[in-house]
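Me: Please choose a single part of this structure, look at it closely, and then work outward from there in a connected way. I would rather have careful reasoning about a few residues than a quick tour.

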Amino acid sequence: MLLQWLKLRTSKDWDLWISIVRGTAYHVWHLIDPSNPTKPAMLPQPEVPKLTIPKNIDKATKANLLVDRELLMLDYKIDCMDWERQHDGFTKIFDLIFNTLSANNLLYISNMEFHPWDILRALQQKLGPLDYARALELERELEKFQLGRKCNEATLGAGGKT
């Protein structure tokens with residue numbers, strides 16, 4: 001489900017946006033959390049195990065090898081489920097990121113590795129709450145407030161006539 005109302009435009013949107021991303025990515029958050037200082041390793045796509053059973057062996061050895069092969073296949077199926085959960089989680093996160101990111105912010109991620117951790121990390125550095133951009137926005141808001149206050153004081157000083 002895409003959230004049509006959610007857009008990451010400025011650093012003001014970061015806290016809500018990242019909390020939605022975190023909630024959507026609960027299965028894979030440990031792999032994409034931008035607060036991790038290093039990129040976590042992803043699960044590799046599992047390979048089908050290869051265990052050949054020679055033709056000229058006794059029945060007991062053959063039975064043991066068949067059990068081993070079944071155990072390897074069970075491990076493979078579990079690894080596939082884990083990999084698919086990771087892959088599905090990444091797909092959901094990519095969809096969410098690219099569908100909720102403003103066009104201006106796409107520039108921040110245009111030339112980077114295609115991994116959610118890299119993307120979220122770059123966005124956090126540009127739009128995170130303690131970022132330079134956020135401080136600049138707050139400074140502009142303060143200037144607007146102070147300008148409005150000066151206008152109000154000037155109006156009141158002129159007898160309150162508008």
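Reply: Let me begin with Lys39, whose relative accessibility of 30% makes this residue partly exposed, since that class covers what falls between the buried limit of under 20% and the exposed limit of over 50%. Everything that follows refers to a predicted model, and the values are computed from its coordinates. The side chain of Lys39 meets that of Asp118 in a salt bridge, with a nitrogen-to-oxygen distance of 3.0 Å. Because Lys39 sits in the loop between helix 2 (29–32) and helix 3, while Asp118 belongs to helix 4, this pair ties together parts that lie 79 residues apart in sequence.

The partner deserves a closer look of its own. Asp118 has a relative accessible area of 14% and is therefore buried, whereas Lys39, as already said, is partly exposed. If neighbours within four places in sequence are left aside, the contacts of Asp118 are Lys39, Met112 and Glu113, and the salt-bridge partner is thus found again in the contact list of Asp118.

The total number of salt bridges is two, and the other pair can be set beside the one just described. Asp82 and Arg85 form a salt bridge in which the closest N and O atoms are 2.9 Å apart. Here the residues stand three places apart in helix 3, which means that about one helical turn separates Asp82 from Arg85. The geometry of the helix accounts for such an arrangement, because with 3.6 residues a turn, residues three or four places apart in an α-helix point the same way. Asp82 is partly exposed, at 27% relative accessible area, and Arg85 is likewise partly exposed, at 42%. The bridge from Lys39 to Asp118, by contrast, connects a loop with helix 4, and its acidic member is buried.

From the charged side chains we can turn to the aromatic ones, where the total comes to four aromatic pairs. One of them joins Trp14 and Trp17 in a tilted arrangement, the ring centres being 5.6 Å apart and the planes 40° from one another; the angle falls in the tilted class because it is neither under 30 degrees, which would be stacked, nor over 60, which would be edge-to-face. Trp14 and Trp17 are three residues apart in helix 1 (residues 14–24), so about one helical turn lies between them. Trp14 is buried at 3% relative accessibility, and Trp17 is buried as well, with a relative accessible area of 0%. A second pair, made by Phe94 and Phe114, is stacked, because its ring centres lie 4.3 Å apart and its planes meet at 5°. That pair links distant parts of the chain, with Phe94 in helix 3 (residues 59–100) and Phe114, 20 residues away, in the loop between helix 3 and helix 4 (116–127). The two rings sit in unlike surroundings, for Phe94 is buried, with a relative accessible area of 12%, whereas Phe114 is exposed, with 61%. Ring pairs also bring in Phe98, so that Phe94, Phe98 and Phe114 are linked into a cluster with a buried member, Phe94.

Phe98 leads on to the start of the chain. Lys7, in the segment before helix 1, is 91 residues from Phe98 in sequence, yet the C-alpha atoms of Lys7 and Phe98 are 9.8 Å apart in space. Lys7 is partly exposed at 26% relative accessibility, and, apart from neighbours within four places in sequence, Lys7 is in contact with Asp13, Trp17, Asn99, Thr100 and Leu101. Among these contacts is Trp17, the buried ring already met in the tilted pair.

With Trp17 we are back at helix 1, whose buried residues are Trp14, Trp17, Ile18 and Val21. Seen down the helix axis, these buried residues fall within an arc of 90°, and therefore line one face of helix 1. They pack against helix 2, helix 3 and helix 4.

Helix 3 also has something to show at the surface. Val67, Leu71, Leu74 and Ile78 form a nonpolar patch there, with about 350 Å² of accessible area together. Val67, which is found in helix 3, counts as partly exposed at 47% relative accessibility.

Conventions:
Residues are numbered from 1 along each chain as its sequence is written. This is a predicted model: local features need pLDDT of at least 70, side-chain atom pairs count only at pLDDT 80 or more; totals for chains, interfaces and linings use all residues. Side-chain values use heavy atoms; hydrogens and water are left out. Rings of Phe, Tyr and Trp (its six-membered ring) pair if their centres lie within 6.5 Å; planes under 30 degrees apart count as stacked, over 60 as edge-to-face and the rest as tilted. Helices (H or I, at least four residues) and strands (E, at least two) are DSSP runs, numbered from the N terminus. Buried means under 20% relative accessible area, exposed over 50%, partly exposed in between (1.4 Å probe, protein chains only). Patches are made of residues with over 30% relative accessible area and no salt bridge: like charges are joined within 9 Å, nonpolar side chains (Val, Leu, Ile, Met, Phe, Trp, Tyr) within 5 Å. Accessible areas come from the Shrake-Rupley method with a 1.4 Å probe; for residues, only the protein chains shown count as cover. A salt bridge is a side-chain nitrogen of Lys or Arg within 4 Å of a carboxyl oxygen of Asp or Glu. Contact means heavy atoms within 4.5 Å. The arc is that of the directions from the helix axis to the C-beta atoms.
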